[in-house]
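Trainee: I have a structure open and want to go through its strands and its core. Can we take it piece by piece?

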Amino acid sequence: MRRFYPVYIFCFTLSSIQSLVAQNLADIGKSNPITVTGGVSLNQIFYTASGIENRRDPYTYYAAGNVNFSLYGWNVPLSFAVSNRNTSFQQPFNQYSVHPTYKWITGHAGYCSMSYSPYTVNGHIFLGGAVDLAPQGNWKFSALYGRFLRAVQPQTDTSGLITNTPSFKRMGYGFKTSYSKDGTFIDLIAFHAKDEIGSIAFVPDSLGILPQENLVLSVGAGKTFFDHIVLKGELASSALSRDIRAEEGEHVHPLAHVGFLYTPRLSSSYYKAFKTSLNYQQDAYSFGVGYERIDPQYRTLGAYYFNNDLESITANGAASLWQGKMNVAVSAGTQRDNLDRSKVSTMRRMVGSLNINYVPNPKLNVSASYSNFQTYTNIRSQFVNINQLTPYDNLDTLNYTQISQSITATTTYALSNSKERRQSINLNVNMQDAADKQGQVTQNSGSRFYNVNAGYMYNAVPQNLTVSVAFNANINDNPAVTTRTLGPTATVSKLFFDRKLRASVSSSYNNTYTNSRHVSAILNGRINGSYTLYRKHNLNLSLVAVNRESTSETAAQSFTEFTGTLGYSYAFGMK
């Protein structure tokens, strides 16, 4: 007999950083001092199956609740969850933060996340404090300080091998100053982070866990010319010491001569990143170009992940035609890596897209999009440089191109749109294609995917009745096998008792074919009901039945499944 193992989950957060809710101190004495809101819910799930082994417990209950106490906008949310499923729950961290605001001053304390620019500080969570100052005028200031990484001591097994990933304690600080006036802005950013050598026990250098130091300086600017031309740009430079235990050294880079902000060492390297764009904007159209270059191995310790070793050039344009009835947007660009030619291969990417939306009248809406993605790889063997006698030797290297393109078209037409009834039909077609090209030969060695959806919807407004039917088809075509799945779907929904009871019934029947051979047929039905009582109580019922019939020996076996869910929820609020 199956045994149930209760799992109890309790969570406590104080103004979680995932929803940065600021506490406005100026509201004290003006709003309700205490507000309590929340809710509880209980769901019971019943399951049975024939033809296959049960894929879940025959009975499962899940209870959850949340309460939020608000004191002058200072939120303290509490939540819990209880289930009898034999599952595990992992909470990687408990994070708390407060964000009080008074007039033009906003503070952040606890676990915070700031974003200054993509090349400096960008979404890295730290434990500490920060402040944003936005006084009346053209200036804005921001500063932060805190722990970006906590110390993780190495753990060893009985043989002495380290079984976890240690990390040094990392402290960092940053500043940002912004000035803007009449379409002109300037941003100055500085960020510094450094690991503490003695924060963890000895770790072998072979693991690559080394104490680091990083200084990033950035200047960004933008200006609007003649009310229509917008020029923007940012230049960032990063100094990174990969091992601060190395001896100090002399470097000619400007960041090596900033005094106490950074200590140049033999392990120090220097990188830069640059991005600029020029756009022309009018009421009916706009176009522009952009350029970005990031040195290989460019890093900032103020971000979790960073793309480097790339150079990209982009162009874009948009136009509104026929008094706004048609909108067209187009973009194209190219990107390459191996900027210092230290890699064996060089990859180039070419991207182009076109989007069109056409609304000739209130009844018809047509949209279409096309995108093309090409990856070009030039592979050079290491022996090219070793055996080359002149610059003209070994010009015949391997050129390889991958092409991927996508086309989407959607059409919606309203047959009627009155107070008594509404009718509409829609058609959606999507195609994706992949191919390989070497030299002048193109091979469809990739796959081609089609998706087609056609539907009709009828809504009787006075009766609160909605009926919809649709036909879906999916085709996956590749050199090895072709798979098709297609079938109809029908749904009927209605509101009863002054819209307190919502009920719906739906069913679909899908057939799958592999290389034109029928493999399986799946019939499923769903019944859903939801009843709201006194605006705070809600009862819901869901019944789902699935029947799969296999017609091929290579396909999965036939089976029938049934799942029923009965739930109750209650929401409350007190002031």
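Mentor: What follows covers some strand pairings, one asparagine and the nonpolar cores. Keep in mind that this is a predicted model.

Trainee: Fine. How do β24 and β25 pair, and over how many bridges?

Mentor: They run antiparallel, with 13 bridges between them. Strand β24 covers residues 448–460 and strand β25 covers residues 465–477.

Trainee: Which residue of β25 is opposite Asn459?

Mentor: That is Thr466.

Trainee: And what links the two strands, β24 and β25?

Mentor: A turn: the two make a hairpin with 4 residues between them. In that turn, Asn464 has a positive phi of about 55°.

Trainee: What does β25 do with β26?

Mentor: β25 pairs with β26, residues 482–496, in the antiparallel sense, over 13 bridges. This pair is also a hairpin, with 4 residues between the strands. Within it, Asn474 has Thr485 in β26 as its bridge partner.

Trainee: Changing topic. Where does Asn528 sit?

Mentor: In strand β28, which spans residues 517–533.

Trainee: Why does Asn528 count as partly exposed?

Mentor: Because its relative accessibility is 31%, and the partly exposed class lies between the buried limit of 20% and the exposed limit of 50%.

Trainee: What does Asn528 touch, leaving out residues up to four places away in sequence?

Mentor: Arg502, Ala503, Ser504, Leu541 and Ser542. With Ser542 there is a polar contact between the side chains, at 3.1 Å.

Trainee: How far apart are Asn528 and Asn540, C-alpha to C-alpha?

Mentor: 7.5 Å in space, with a separation of 12 residues in sequence.

Trainee: Now the core. Which residues are in the largest nonpolar one?

Mentor: It has 12 residues. Aromatic members include Tyr116, Phe126, Phe148 and Phe191, and Cys112, Met114, Val121, Ala130, Leu144, Ile189, Ala193 and Leu301 also belong to the core.

Trainee: Which elements give two or more residues to it?

Mentor: β8 (105–115), β9 (122–133), β10 (139–149) and β12 (184–196). The largest share is from β12, with 3 residues.

Trainee: What is around Leu301, again without residues up to four places away in sequence?

Mentor: Leu301 touches Phe148, Phe191 and Ala193, which are core members. Its other contacts are His124, Arg170, Gln212 and Asn214.

Trainee: What about a second core, how many residues does that have?

Mentor: The second core is separate and has 10 residues, among them Ala236, Leu240, Tyr298 and Leu310.

Methods
Residues numbered from 1 in each chain as written. Predicted model: local features only at pLDDT ≥ 70, side-chain atom pairs only at ≥ 80, totals over all residues. Heavy atoms only, no water. Pairing = 2+ DSSP bridges. Buried < 20%, exposed > 50% of the residue type's maximum accessible area, 1.4 Å probe, protein only. Contact = heavy atoms within 4.5 Å. Polar contact = N/O pair within 3.5 Å; in protein donor to acceptor, adjacent residues only side chain to side chain. Core = buried A, V, L, I, M, F, W, Y, C linked by side-chain atoms within 4.5 Å.
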